Structures are given as structure tokens and as C-alpha cells.
Amino acid sequence: MSENLNTDVAIIGGGLAGLSLAIRLANRGIEVVIVSKKALTEGSSLYAQGGIAAVLSDSDTYKSHIEDTLVAGDGICRKETVEFVVKHGPSSIAWLIDQGVKFTRETGDLGYGNYHLTREGGHSHRRIIHAADATGHAVEITLESQVRDHPNIRLLESHIAIDLITSQSRPDSTPSCMGFYAYDNNSRKALTIVAKKTIMATGGASKVYLYTSNPDTSTGDGMAMAWRAGCRMGNMEFNQFHPTCLFHPQAKSFLISEAVRGEGGILKLPDGSEFMSKYDSRKELAPRDIVARAIDNEMKRGGYEHVYLDISHQPGDFIKAHFPTIYTRCLEYGYDMTGGPVPVVPAAHYSCGGIVTDLNAQTDLHNLYAVGECTYSGLHGANRLASNSLLECLVFSDAASRHIASTLDKTPITETAIAPWDESRVTDADEVIVIAHNWDELRRAMWDYVGIVRTTKRLQR
């Protein structure tokens with residue numbers, strides 16, 4: 001059974017990219033529908049700890065941020081995109097502040113106005129504006145409240161997008177996106193959503209790995225939908241591994257923010273010796289790919305289950321003030337950051353590739369846009385510079401909103417009859433364990449053969 005819903009703009013995904021775009025469009029009087037796989041806040045954006053990178057201090061420059069990004073991306077970034085994103089960074093931060101996001105304040109030379117700026121791996125300057133150690137939570141909750149209260153936004157939670165609706169089968173027209181099919185988990189019915197403009201804001205695919213920092217929603221289905229509809233994909237082989245995930249059987253991939261290393265945290269082996277100086281002159285502040293490979297190599301060389309991250313040499317009050325969430329969570333698992341090191345391991349963290357887009361966030365398919373981690377905009381290259389991800393969400397949601405607003409009136413309303421979702425060949429699985437087993441098998445194979453360090457032999461397997 002299928003129902004129909006018509007709207008100006010339909011956004012798939014409820015993270016920072018999707019919410020910021022929805023608010024920008026709705027404030028222009030445009031009707032928006034947001035489809036969220038689970039509850040609105042159950043995406044990766046909520047769990048982002050570190051912050052947002054932007055040139056905000058007098059001692060920093062656009063040139064420096066651009067160079068840091070290009071170096072971290074190992075020369076595979078699209079320079080035009082990097083320059084575009086970096087130069088739009090300050091205005092994106094100003095927009096968030098205008099929305100009411102409460103970033104951490106601190107007077108003195110380290111700040112932007114009276115906002116505290118921290119430093120993370122790969123950055124040559126302090127340029128990370130943050131809300132303590134839970135920036136994603138502060139941003140997501142602030143924008144969520146606006147979305148729920150906005151008269152021009154309709155929110156469909158617990159709906160899973162199934163497939164895009166395209167006009168590619170019609171030889172008399174330019175291939176374009178006309179909306180998508182979604183499944184309502186509550187009513188157990190399919191919904192046909194017809195829209196003038198459709199936006200993918202579906203996040204990454206790191207849940208394809210056994211050990212990941214991502215929530216269960218990060219399964220790459222948005223990328224798959226766009227690919228099936230004919231969009232090019234770029235840099236899908238580049239997945240970033242976060243170097244420091246808390247090692248504990250009940251922690252379920254709790255991250256120890258990059259900012260801990262930015263504020264002096266040292267990586268150590270079980271015997272207490274540091275090892276990053278053997279791999280890079282920047283030591284703990286090297287880009288994530290270098291640090292993750294170094295940890296992986298030391299674990300394999302020594303047969304260790306994990307290494308340690310130690311910031312206990314900093315004053316206890318400093319640690320509690322800057323990392324209240326991490327400090328509290330570590331205590332829950334029996335580790336006191338102020339008194340000694342905590343065990344850490346790398347985990348799959350961020351998809352550096354995805355749906356190919358231009359500087360307006362347009363894809364190859366007419367009237368289909370993509371923003372955030374599901375995209376290959378050219379910003380990240382082979383590796384993402386820390387805290388550039390939320391920045392990318394903000395800059396491209398702004399770019400997309402401007403382009404959509406300027407072209408929406410010229411976009412014809414779909415008058416072609418759209419067939420309802422065909423569920424005639426859909427059958428219930430006899431046993432859910434079969435699906436769970438397949439997923440577990442896939443994730444173990446990806447971790448063992450397509451992990452942090454890859455070999456031709458493992459990839460051929």
C-alpha cells in the first residue's frame with residue numbers, strides 16, 4: 001500500500017547538513033519535508049566531539065587552512081573546493097552563533113572574540129571553535145528545536161528512504177530526480193514523496209566496518225540510491241579511521257576526541273613509552289591517517305590489543321573543564337583521565353568519498369543535490385583534516401539553499417503519474433538472524449581485508 005506526499009523540497013537525513021539546509025530554505029518561505037531514518041538526532045552529527053574548523057583568529061590565514069587541508073588530503077583534494085569551503089568558514093560559524101549555538105567561551109589570546117579555539121591534528125593553528133567536547137550535540141539540539149517548531153518544515157521520523165524516483169526512462173526529457181520512495185516503520189507502509197528538489201544528506205558508510213565510531217544509521221544507503229540512479233561516485237576507497245576510540249567491551253565505540261591530543265595528550269605503549277616521534281615530527285598532532293597507521297603498526301608489532309592515551313600530566317581542573325563528557329564517560333568505564341592513561345584503538349570513522357557534487361551541491365542528476373558526508377565534494381581527498389566535516393556541511397547547505405531558492409520557481413511540477421512502490425516481490429525474512437549474520441560477515445571481511453593498512457593480497461581475497 002502506497003501513499004503520496006508532494007512538497008517543494010525533500011531532504012533525506014537529519015544531521016547538521018540536512019537541518020541547516022532545511023532551516024535556510026524554510027526561512028525563505030519554501031516548503032520542506034525532512035525524512036529521518038530514526039529519531040532526528042540519531043545520526044553522526046550528534047556524536048561529533050571536537051568542533052568546527054574555520055579561520056577565526058588574527059594569527060590565522062585562509063592560506064594556512066587551505067594548505068593544511070591539502071596536505072592532510074595527500075594531494076588528492078580538489079583545490080577549488082578547498083578554497084571555497086575555507087573562505088566561507090567564518091560566515092558559517094557566524095550563522096550558527098546567530099541560531100543560538102553556545103560555543104565555549106574563554107577570554108585571552110587563544111580566542112575568536114571571547115570564544116575558545118583549540119587545535120587538532122594536522123592544523124598549524126588554533127582554529128577549532130567548539131562547545132566543550134560535545135560540539136555536535138550542542139549544534140544538533142539547537143537546530144532540532146528550530147526544525148520542530150518551523151511552520152514550513154514537515155518532519156517524518158522513523159522513515160527509511162528506499163529509492164529515488166527518476167525520469168531517466170523517458171527519452172524526451174533530461175534525466176532528473178522527481179522524489180523518492182520511503183518506508184514508514186510505524187505504519188509499515190510505503191510513501192511516495194514527490195518533490196521539485198531532492199537533497200541527499202544521508203551521512204557516511206563506516207558501519208560497513210566491524211569497529212566504528214558511527215551509529216547504526218551510517219550504512220551508506222544514500223550513496224547507493226544515488227549510484228543506482230546514475231550519479232557518479234568518487235573516492236569511495238578512502239575511509240578515515242579515527243585513531244583513538246575508547247577500548248572497552250561496553251563502550252560501543254566511544255571516541256576520545258582529537259582535541260585531547262590537541263591539548264597535550266600523549267600516545268603510549270603498555271610499557272609507558274611514547275612512539276609517535278618514530279612516525280612523524282608532528283607526533284600526536286599529525287593528521288589522523290598517519291596516527292591511525294602508527295597505532296595499528298605498533299599493535300601488530302607488539303601484539304597489543306590497544307595502546308594508551310595519556311593527558312594526566314595536565315591539571316585535573318583543566319581536563320574536567322575542557323573534556324567534561326569524555327571525562328565522565330571514561331569514569332563510568334573505570335578510567336580516570338586525571339590520574340592516568342586510558343586505553344584506545346583506531347576505528348572506522350569517516351567516509352572521505354561519496355556522491356560527486358559541484359560547488360552548488362548539485363549531483364549528475366538534475367534536481368538532485370547532496371550535502372555532507374555522503375558526498376565527494378573534493379574537500380577531503382584521501383584523508384579528512386580534523387573538524388573540516390561539520391564545516392563542509394554548513395558551507396554546502398548554504399550553497400545548496402541559494403541555488404535551490406534561485407531555481408525553484410523555474411522547476412516544473414511533476415505532472416507525470418508516478419507508479420506506487422512495487423512490493424509484489426517483497427517477502428519477510430524467515431529468520432532475522434540471517435540478516436544479522438550477513439551484516440556481521442560483511443563487516444568482519446571489511447575490517448580484516450580492507451582496513452587501515454591494505455595489501456594487494458588481502459584485497460584480492
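**Exercise 1. Work out whether Asp398 and Arg24 are buried or exposed, and what links them.**

Start with burial: both Asp398 and Arg24 are buried. Buried means under 20% relative accessible area, exposed over 50%, and partly exposed in between (1.4 Å probe, protein chains only). Keep in mind that this is a predicted model, where local features need pLDDT of at least 70, side-chain atom pairs count only at pLDDT 80 or more, and totals for chains, interfaces and linings use all residues. Residues are numbered from 1 along each chain as its sequence is written, and side-chain values use heavy atoms, with hydrogens and water left out.

Next, the link: the two side chains form a salt bridge, 3.2 Å from N to O. The pair joins distant parts of the chain, with Asp398 in helix H12 (residues 389–407) and Arg24 in helix H1, 374 residues apart. Here a salt bridge is a side-chain nitrogen of Lys or Arg within 4 Å of a carboxyl oxygen of Asp or Glu. Helices (H or I, at least four residues) and strands (E, at least two) are DSSP runs, numbered from the N terminus.

Last, look at H1 itself: helix H1 spans residues 16–26, and 11 of its 11 residues are buried.

**Exercise 2. Find where Arg127 and Asp68 sit, and what their salt bridge ties together.**

First, the geometry: the Arg127 and Asp68 side chains meet at 2.8 Å, N to O. Arg127 is in the loop between strand S5 (115–118) and strand S6 (128–129), while Asp68 is in helix H3 (residues 62–72), so the bridge ties together parts 59 residues apart in sequence. As for burial, Arg127 and Asp68 are both buried.

**Exercise 3. Place Asp289 and Arg293, then classify their accessibility.**

Both residues lie in helix H9 (residues 288–302), 4 residues apart, or about one turn of the helix. Their closest N and O atoms are 3.6 Å apart, in a salt bridge. Asp289 is partly exposed because its relative accessibility is 22%. Arg293 also counts as partly exposed, at 38%. For the wider tally, the whole structure has 21 salt bridges.

**Exercise 4. Describe the surroundings of Ser257.**

Locate the residue: Ser257 is in the loop between strand S12 (239–246) and helix H8 (258–262). Ser257 counts as buried because its relative accessibility is 3%. Now list the partners: setting aside neighbours within four places in sequence, Ser257 is in contact (heavy atoms within 4.5 Å) with Gln49, Gly50, Glu120 and Ile326. Finally, a polar atom of the Ser257 side chain lies 3.0 Å from the backbone nitrogen of Ala259.

Definitions and conventions
A polar contact is a pair of N or O atoms within 3.5 Å; within protein, one must be able to donate a hydrogen and the other to accept it, and residues adjacent in sequence count only if both atoms are side-chain atoms.
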